[in-house]
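Me: I would like to go through one sheet and the helices packed on it. Please start with the terms.

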Amino acid sequence: MTTTPLAVEATGLVKTFGSNRAVDGVDLRVEAGTVYGVLGPNGAGKTTTISMLATLLKPDGGEARVFGHDVRREPQTVRSLIGVTGQYASVDETLSATENLVIFARLLGLSRGDAKRRATELLERFGLTEAASRPLKAFSGGMRRRLDLAASLIAQPPLIFLDEPTTGLDPRTRAQMWDTIRELVATGSTVLLTTQYLDEADQLADRIAVIDHGRVVAEGTADDLKSSVGTASLQLRLADADPESLATAATLVERVLGTPAVVSPEGARLTAPMTAPDRVTDLLVSFRDAGVSLAEMSVQKPTLDEVFLTITGSPSSPDDQAETERALEGSLA
């Protein structure tokens with residue numbers, strides 16, 4: 001019985017810049033047809049990891065495969081399977097959007113006619129048809145980012161690396177980019193996404209790896225990571241803020257749920273760990289029987305912000321990012 005290889009499989013990846021161990025034994029397993037998010041503070045090793053997987057930097061240790069192909073021994077094959085979109089648009093300012101895409105397509109081996117057709121298709125797909133003949137210097141940041149993503153999709157690669165693709169975009173353009181990423185996966189691509197935006201990872205990623213100081217310090221679904229830092233909490237606000245009602249409510253919470261409530265008298269609020277969700281109905285019945293009226297009730301899960309701060313603590317230094325950029329400039333010179 002044959003099995004489909006993972007889109008990305010990395011074991012013990014290491015990269016050093018002088019005395020700085022920027023990536024220190026990273027393991028990743030990315031299933032095909034998913035969005036895999038990589039979170040981490042500045043300098044954590046995200047960009048360096050992506051650069052090694054995309055064959056732009058050679059690992060100093062460990063192994064990595066893309067759809068079963070080794071990134072060191074089969075770099076040309078790996079490059080034929082991937083598209084890479086960085087944080088800044090890799091395009092010519094003086095040319096139009098169409099001209100840029102045609103050049104990329106020709107470099108990838110498409111005929112002149114096929115290159116023009118592919119450019120037209122991609123400009124339409126990314127909502128850039130009306131701006132197709134404008135020079136890039138007249139483009140907004142969001143339009144440049146969409147064009148850069150379009151360029152990475154000319155060959156329709158099965159794996160797309162997106163390194164902080166929405167950095168600096170306004171909320172509306174970010175949302176449009178999110179829709180585009182979802183569409184890519186729906187049509188068969190795999191996306192490996194690095195980001196510092198926690199809501200972005202929460203919205204898009206099927207699984208998330210948190211990298212800090214060059215290591216994967218947590219991995220799982222967004223819900224897995226949230227559960228790792230604590231349970232959900234039950235938020236209650238009473239209709240009556242008098243001390244007697246608050247005291248009665250707190251006593252009932254502890255009796256029925258088996259955990260003490262944190263009482264905030266100013267807003268007539270109580271908060272309790274959600275350790276027994278099936279007992280919430282019993283709690284509401286006990287409130288009714290005791291004459292305690294609720295104005296509001298909600299269940300709040302831990303956020304990815306809480307996960308991020310709990311796991312990574314203080315931000316890392318930006319040394320890794322600077323070293324990676326210098327190394328990439330050398331490899332592409």
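Reply: Helices here are DSSP runs of H or I with at least four residues, and strands are runs of E with at least two, numbered from the N terminus. The model is a predicted one.

Me: In what order do the four strands of the open sheet lie?
Reply: The pairing in this open sheet is antiparallel. Its edge strands, each pairing on one side only, are β12 (262–264) and β14 (294–300). From one strand to the next the twist averages 15°. The order is β12-β13-β11-β14.

Me: Which residue in β13 is the bridge partner of S264?
Reply: β12 and β13 (residues 269–273) run antiparallel and are joined by three bridges. Within β13, the partner of S264 is R269.

Me: What angle does the direction of helix α10 make with that of β14?
Reply: Helix α9 (residues 243–257) lies across β11 (233–238), β12 and β13, and runs at about 10° to β13. Helix α10 (residues 280–290) also packs on the sheet, where it touches β11 and β14. Its direction relative to that of β14 is about 165°.

Me: Is S286 buried or exposed?
Reply: S286 is a residue of helix α10. The cut-off for buried is under 20% relative accessible area. S286 has 14% relative accessibility, so it counts as buried.

Me: Which residues does S286 touch, not counting those up to four places away in sequence?
Reply: Contact requires heavy atoms within 4.5 Å. With residues up to four places away in sequence left out, S286 touches L252 and V256.

Terms used
Residues numbered from 1 in each chain as written. Predicted model: local features only at pLDDT ≥ 70, side-chain atom pairs only at ≥ 80, totals over all residues. Heavy atoms only, no water. Pairing = 2+ DSSP bridges. Axes fitted to C-alpha atoms, helices over the stretch in contact; angles between N-to-C directions. Buried < 20%, exposed > 50% of the residue type's maximum accessible area, 1.4 Å probe, protein only.
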